[in-house]
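User: I'd like to go through the ring contacts and burial labels here, and hear the reasoning behind each one. Can we start once the structure is up?

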There are 2 protein chains.
Amino acid sequence: MGAREVGLPARARTDGLPERVTIWEVGARDGLQNESAVVPVEVKLEFLDRLAAAGLGVLEATSFVHPKWVPQLADAEDLLARLTRAEGVSYPVLVPNERGLDRALAAGVRHIAVFGSATESFAKRNLNRTLDEQFAMFEPVVARARAEGLDVRAYVSMCFGDQWEGPVPPAQVAAVGRRLMEMGCSQLSLGDTIGVATPGLVESVIGAVNAAGVPTSRVAVHFHDTYGQALSNTLAALRLGVTTVDSSAGGLGGCPYAESATGNLATEDLVWMLDGLGVETGVDLDKLADTSAWMAERLGRPSPSRVVRALRG
Amino acid sequence: MGAREVGLPARARTDGLPERVTIWEVGARDGLQNESAVVPVEVKLEFLDRLAAAGLGVLEATSFVHPKWVPQLADAEDLLARLTRAEGVSYPVLVPNERGLDRALAAGVRHIAVFGSATESFAKRNLNRTLDEQFAMFEPVVARARAEGLDVRAYVSMCFGDQWEGPVPPAQVAAVGRRLMEMGCSQLSLGDTIGVATPGLVESVIGAVNAAGVPTSRVAVHFHDTYGQALSNTLAALRLGVTTVDSSAGGLGGCPYAESATGNLATEDLVWMLDGLGVETGVDLDKLADTSAWMAERLGRPSPSRVVRALRG
């Protein structure tokens with residue numbers, strides 16, 4: 001008999017956690033852009049519909065990055081034109097630059113995200129820009145988006161370590177985050193792009209961000225599970241009062257075998273913990289695991305999520 | 001470039017954690033007994049030597065359970081006769097009953113562990129006994145071992161949920177634990193055999209065990225990673241003052257793909273977190289990951305440890 005059939009996990013609260021957490025589901029964007037397979041638009045549409053039906057309220061749908069860089073998401077316009085938006089669900093879209101913003105506005109998008117770096121090395125490699133040039137690129141994007149009434153999230157990558165630079169000073173992350181918030185972004189998603197963080201560092205970085213004037217209510221966390229640390233780090237962030245957590249259904253974007261196991265925290269593993277802790281998410285774990293098992297079949301390989309493998313393997 | 005080469009994870013302490021944690025390495029026993037392959041004794045001996053060289057101070061070496069039940073460990077006498085005991089390293093052995101104790105004493109073992117259940121259902125299925133009969137079986141084992149000057153650890157399985165009974169009342173776990181400690185066991189290892197626990201429940205169970213008279217200094221935790229929760233649960237236990245954590249090198253005992261991903265917490269994933277938190281373990285993570293990569297080759301399949309896959313995949 002399975003654990004869920006006998007009422008597990010048992011609920012037991014602990015002090016100092018929020019009552020409710022918003023899961024920012026990135027599977028359709030951050031997940032699929034890192035899968036080698038290009039998924040047909042019909043499958044993406046069904047995936048998003050199923051995620052909404054499982055109770056997820058924020059579904060990052062796609063990206064307007066140039067198709068040359070991310071062919072997996074080259075169907076962004078087509079996807080958004082055919083998407084049935086579920087009541088009460090937000091469908092933010094990643095926008096790298098002004099050209100991307102034009103496309104997003106033409107597609108009727110109301111919620112965008114920009115994607116910056118905390119380090120010079122990653123800004124150079126990912127955007128071919130310095131940190132100052134990255135800010136100069138985002139400034140008009142955020143200003144125009146805000147003038148059009150759009151909500152803008154700011155991702156910051158490499159907040160907890162960089163594979164070229166090593167440790168990243170928390171004050172540097174805070175300075176980058178503050179600059180993006182001053183432009184008019186409403187939320188800062190602190191990314192552990194290479195999955196190296198541990199819980200004390202999570203506290204240091206969020207503390208530095210707070211000290212730079214960005215309150216915890218504006219902070220989201222985005223952990224990758226490369227070294228198995230994503231859920232412990234999330235727990236540390238929740239204890240500080242963070243209430244928005246990024247994750248990817250089924251751990252999409254991470255290969256379960258290879259060296260490049262750089263996937264996002266799996267939404268199911270997060271929901272298992274939050275269910276056990278009595279923290280509300282609105283997510284139906286069984287429906288979600290069904291969806292991820294279905295998507296794993298489409299991708300032709302097992303899900304990297306331990307919960308999905310245990311419940312549906 | 002790899003994360004380790006640029007000094008990651010960065011160290012950042014957090015309040016309320018112990019300065020030092022003892023890792024009780026169970027890979028050679030709990031790990032290998034759950035692998036389908038039977039590993040030759042020479043490989044086990046090299047494995048134990050390499051684990052000691054990587055700085056692990058407690059190596060659960062094997063089990064004197066009847067070979068009919070665990071053919072993987074049928075070579076227990078041979079292994080112990082040929083084992084070179086490293087200076088300062090303890091090599092405890094699992095002993096299920098009086099016959100097992102006879103074998104352990106004959107082999108010169110100085111440190112044993114008994115393996116009990118917190119629930120009637122698992123006692124019935126694993127030992128074919130009621131809880132009362134389990135205590136009656138252990139009583140003479142512990143008494144004789146103590147009379148011979150041996151140290152005895154008590155494992156309690158299904159402390160956080162049972163796949164037949166569902167939730168397990170913390171007071172029941174505490175009553176079982178207290179009874180085993182009253183017999184003369186020196187340490188209680190609280191096992192999440194099916195991997196369902198979440199951090200609030202960890203606090204509840206340890207609190208109940210404390211209330212029953214067993215201090216945290218006598219408590220160890222033994223989490224399985226079936227649902228990806230093992231490391232978060234460990235963090236919760238460390239915050240309560242637990243200083244002994246069971247884990248398995250490379251996550252041995254868990255299949256990285258299948259439904260039965262019921263492996264132990266991987267020692268590498270634990271050490272990554274503790275290194276980042278500045279908690280001393282004495283373990284050299286790179287040597288340990290080399291050892292687990294080597295053992296994964298012997299087993300002919302990738303390691304379930306995310307750290308091993310990321311560093312050596």
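User: Which residue lies over the face of A:Trp164, and at what distance from the ring centre?

Analyst: Keep in mind that this is a predicted model. The residue is A:Arg125, at 4.3 Å from the ring centre of A:Trp164. The cut-off for a charge over a ring is within 6 Å of the centre, so 4.3 Å fits. Chain B has a case too: B:Arg153 lies over the face of B:Tyr155, 4.9 Å from the ring centre.

User: How many aromatic pairs are there over all chains?

Analyst: Searching the whole structure gives 8.

User: Why is the pair of A:Phe115 and A:Tyr155 called tilted?

Analyst: Their ring centres are 5.7 Å apart, and the planes make 50 degrees. Centres within 6.5 Å make a pair, under 30 degrees would be stacked and over 60 edge-to-face. An angle of 50 degrees falls under neither, so tilted it is.

User: What makes that pair a link between distant parts of the chain?

Analyst: A:Phe115 belongs to strand 5 (residues 111-117) of chain A and A:Tyr155 to strand 6 (residues 151-157), with the two positions 40 residues apart.

User: Is each of the two buried or partly exposed?

Analyst: Buried means under 20% relative accessible area. A:Tyr155 has 2%, so it is buried. A:Phe115 has 23%, so it counts as partly exposed.

User: And why is the pair of A:Tyr227 and B:Trp272 called stacked?

Analyst: The planes are 15 degrees apart and the centres 3.9 Å. Stacked needs under 30 degrees, so the label follows.

User: How do you know which chains that pair joins?

Analyst: A:Tyr227 sits in the loop between strand 8 (219-223) and helix 9 (230-239) of chain A, while B:Trp272 is in helix 10 (residues 267-277) of chain B, so two chains are joined. Both rings belong to buried residues: A:Tyr227 has 6% relative accessibility and B:Trp272 has 0%.

User: Stepping back, what makes chain A as compact as a globular protein of its length?

Analyst: First the inventory: chain A has 12 helices and 9 strands. Its radius of gyration is 18 Å, close to the 20 Å from the globule rule for 313 residues, so the comparison holds. Along the principal axes, the C-alpha trace spans about 55 × 45 × 40 Å.

User: What share of chain A is buried?

Analyst: 64% of the 313 residues. As for its surface, chain A exposes about 10700 Å², with carbon and sulfur atoms supplying 49%.

Conventions:
Residues are numbered from 1 along each chain as its sequence is written. Chains are lettered from A and ligands numbered from 1 in the order in which they are written. This is a predicted model: local features need pLDDT of at least 70, side-chain atom pairs count only at pLDDT 80 or more; totals for chains, interfaces and linings use all residues. Side-chain values use heavy atoms; hydrogens and water are left out. Rings of Phe, Tyr and Trp (its six-membered ring) pair if their centres lie within 6.5 Å; planes under 30 degrees apart count as stacked, over 60 as edge-to-face and the rest as tilted. Helices (H or I, at least four residues) and strands (E, at least two) are DSSP runs, numbered from the N terminus. Buried means under 20% relative accessible area, exposed over 50%, partly exposed in between (1.4 Å probe, protein chains only). A charge sits over a ring if NZ of Lys or CZ of Arg is within 6 Å of the ring centre and within 35 degrees of the ring normal. The radius of gyration is taken over C-alpha atoms; the globule rule is 2.2 Å times the number of residues to the power 0.38. Accessible areas come from the Shrake-Rupley method with a 1.4 Å probe; for residues, only the protein chains shown count as cover.
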